[in-house]
Amino acid sequence: MTLLHGPGKDPGQQIGVFVLLPTDFADAKRFYEAFQRRPPLGLQYLQAVLKPLGVESILLDGVLEPLSREKLLAHLSPRPLFVGFYVSSMNRKRVCRAIRIVKQQADLPVIAGGPGSIHAQDLLDAGADVVCMGEGEEVIKDFVGSLQQGRGYTHIKGIAYRENGETRYTEARPLIADLDGIPFPLRDSRTIGKYCDYFNIMVRTPCITLTASRGCYYRCSFCFSHRFWRGRYRVRSPENVIEEIEIANRAFGANYLLFVDDVFPQKHDWIESFVTLWQKKALHLQWMCILNPNSFQRDRRAFFKMIRDIGCNVISFGAQSAVPEILRNVHRRPDEARQLYDAVRTASELGIVTVVTYIFGLPGETELTAATTLRHIMALRPHLMDAHVLEVLPESEIAQLFPSGIVTDVPRERLEQIRKRAFRLFYANLRTLVRLLTLIAFKNPRWILLFPFKPVWAALTRRTNDI
Ligand code: B12
Ligand code: SF4
């Protein structure tokens, strides 16, 4: 059965249906998604803002359990008020297929939003009535208000829609000034235990995703976050974040936190207040966060120790490349690889698991620079490593600089080979494996029990007839 998050389907209620679909890439990514099932925080936020308005919603998570056309249609009867889709550049084709199904079979109002809103044209072509062009909380309220009052959408700020076959964009909506004013994401006790990030060897369940901020301090040219959040960085108060954690812990027994901020807050006074409050409340959860190689450059050991002492046991660093010239090309600091040595060593000495991620194929990449990064990975020796080949994200600076999509002279197939070589070198290595197994055995043996047998089996046998 497809998972329902939220209330049952009572025809008397005003119901909205939110849908998350897997990526368009069939096999390899499906396998990957079987391991990394994180709660869809953006949609949980939208569910939370609708609830006080008397609009209940269900969340169909097609990553958690396959969602066929028949299952989707079954959830559209009795007729909900609307269907809302999370869209990213990676799942937009599947979302477009689903929108066509909803429009042709049920003719319901459809709204789409998320980082894939940059593909508004495709989504509107598929039949979406409205595409939310950024932050969703205020847009979804206005959208629902319009449906309830039988009004059009043209007055809603921050959307794209179609008029006489033309795509129109309404005035940009100001970002929410006070993040503390947004209701906490709506989590569901019936499904919370099904989510797990198996790539995190320290993970425990139930786990939740949360953010302490929106936006990013940095401006990497391959990324699109600063465009999406319009170059603004906003942070919640430590009090507000702690309150959310306490509630999630009390109400759902959440004991692991996946902080999915682009970069976890780095202001010293923010961290100090967060740590003080955490200790005052005597919280006992564990957590992971994402940092930049330069984070806490001045007092790295003291800050890592502070967060370690309140349960942070995994830090993920986005390194991208080890070559100063390439880092400079993408607006990163050229000395980052050096900083990273210190950050990884310091964290490891404090008992924090380190994950470092790389991208092959950034501007300036050659066979030689890729070889330098490979050598750096082996010398750095984080606990875990992840590597990707550059995906040119629409509206990123790189997409504008390289309209052909060809960023380096190294062909994509070769970059894929290099990426695979990085994995082989790193993981088919006795030292790496012994270190990982020792960590799991002594720090988190439960990780073995969390293995996602069912989703992996489904991915391997491809027994899905997803949209
Ligand atoms: C957690 C996470 C994941 C998780 C879960 C994703 C999910 N569906 O929640 C996992 C690990 C699976 C994942 C994987 C990948 N991810 Co990811 N991920 C994130 C991350 C770090 C946090 C997402 C989040 O919760 N944000 C916080 C919430 C509040 O924001 P939000 O989701 O954007 O939602 C708001 C608005 O977008 C909007 N909204 C969202 N949905 C909807 C729907 C409607 C109807 C409306 C009206 C509004 C609306 O309203 C929400 C509230 O304001 C973001 C970066 C970031 N910090 O946002 C990257 C990010 C989303 N991922 C990204 C990428 C590239 C990937 C991967 C391709 C990585 C890879 N190379 O394999 C895969 C592809 C996954 C896929 N299926 O599409 C990119 C997407 C770029 C793009 N143009 O699409 C991002 C933006 C990172 C980046 N800076 O480039 N990711
Ligand atoms: S890649 Fe990471 S650090 Fe760079 S701008 Fe994007 S979110 Fe920020």
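Which residues are the closest to ligand 1, and how many surround it? I started there. The model is predicted, and I kept that in mind throughout.

**Entry 1: ligand 1**

I listed the shell and got 40 residues around ligand 1. The closest are Gly42, Gly84, Ser88, Gly113 and Gly136. I then asked which elements give two or more residues to this shell. They are helix 2 (41–50), strand 4, strand 5 and helix 6. Helix 2 gives the most, with 5 residues. By class, I noted 20 nonpolar, 15 polar and 5 charged residues in the shell around ligand 1.

**Entry 2: domains**

I looked up the domain assignment next. It gives domain 1 (14–169) and domain 2 (199–450). Their C-alpha centres lie 29 Å apart. How many residues of each domain are in contact with the other? I found 10 residues of domain 1 in contact with 13 residues of domain 2. The side of domain 1 that touches domain 2 has 5 nonpolar, 4 polar and 1 charged residues. Back to ligand 1: its shell draws at least three residues from each of domain 1 and domain 2.

**Entry 3: the sheet**

I traced an open sheet of 7 strands. The order is 3-1-4-5-6-7-8, and the pairing is mixed. Which strands stand at the edges? They are strand 3 (55–61) and strand 8 (166–169). Each has a single partner strand, so one side of each is left without a neighbour in the sheet. Neighbouring strands of this sheet are turned by 25° against each other on average, direction ignored.

I checked one pair by residue. Strand 1 (residues 14–20) and strand 3 run parallel, joined by 7 bridges. Gln14 stands opposite Val55 in strand 3.

**Entry 4: helix 6**

What does helix 6 lie across? I placed helix 6 (residues 137–149) across strand 3, strand 4 (82–86), strand 5 (110–113), strand 6 (130–132) and strand 7 (159–163). The helix runs at about 160° to strand 4. Both helix 6 and strand 4 also give two or more residues to the shell around ligand 1.

**Entry 5: ligand 2**

Last, I looked up ligand 2. Which residues surround it? Cysteines are there: Cys216, Cys220 and Cys223. Tyr218, Arg219, Ser225 and His226 also belong to the shell. Asp262, Val263, Asn292 and Gly318 complete the list. By class, I noted 5 nonpolar, 4 polar and 2 charged residues around ligand 2.

Notes
Residues numbered from 1 in each chain as written. Chains lettered and ligands numbered in written order. Predicted model: local features only at pLDDT ≥ 70, side-chain atom pairs only at ≥ 80, totals over all residues. Domains from an automatic or database assignment. Contact = placed C-beta atoms within 7 Å. Nonpolar A, V, L, I, M, F, W, Y, C, P; charged D, E, K, R; others polar. Near = placed C-beta within 6 Å. Pairing = 2+ DSSP bridges. Helix = DSSP H or I, 4+ residues; strand = E, 2+ residues; numbered from the N terminus. Axes fitted to C-alpha atoms, helices over the stretch in contact; angles between N-to-C directions.
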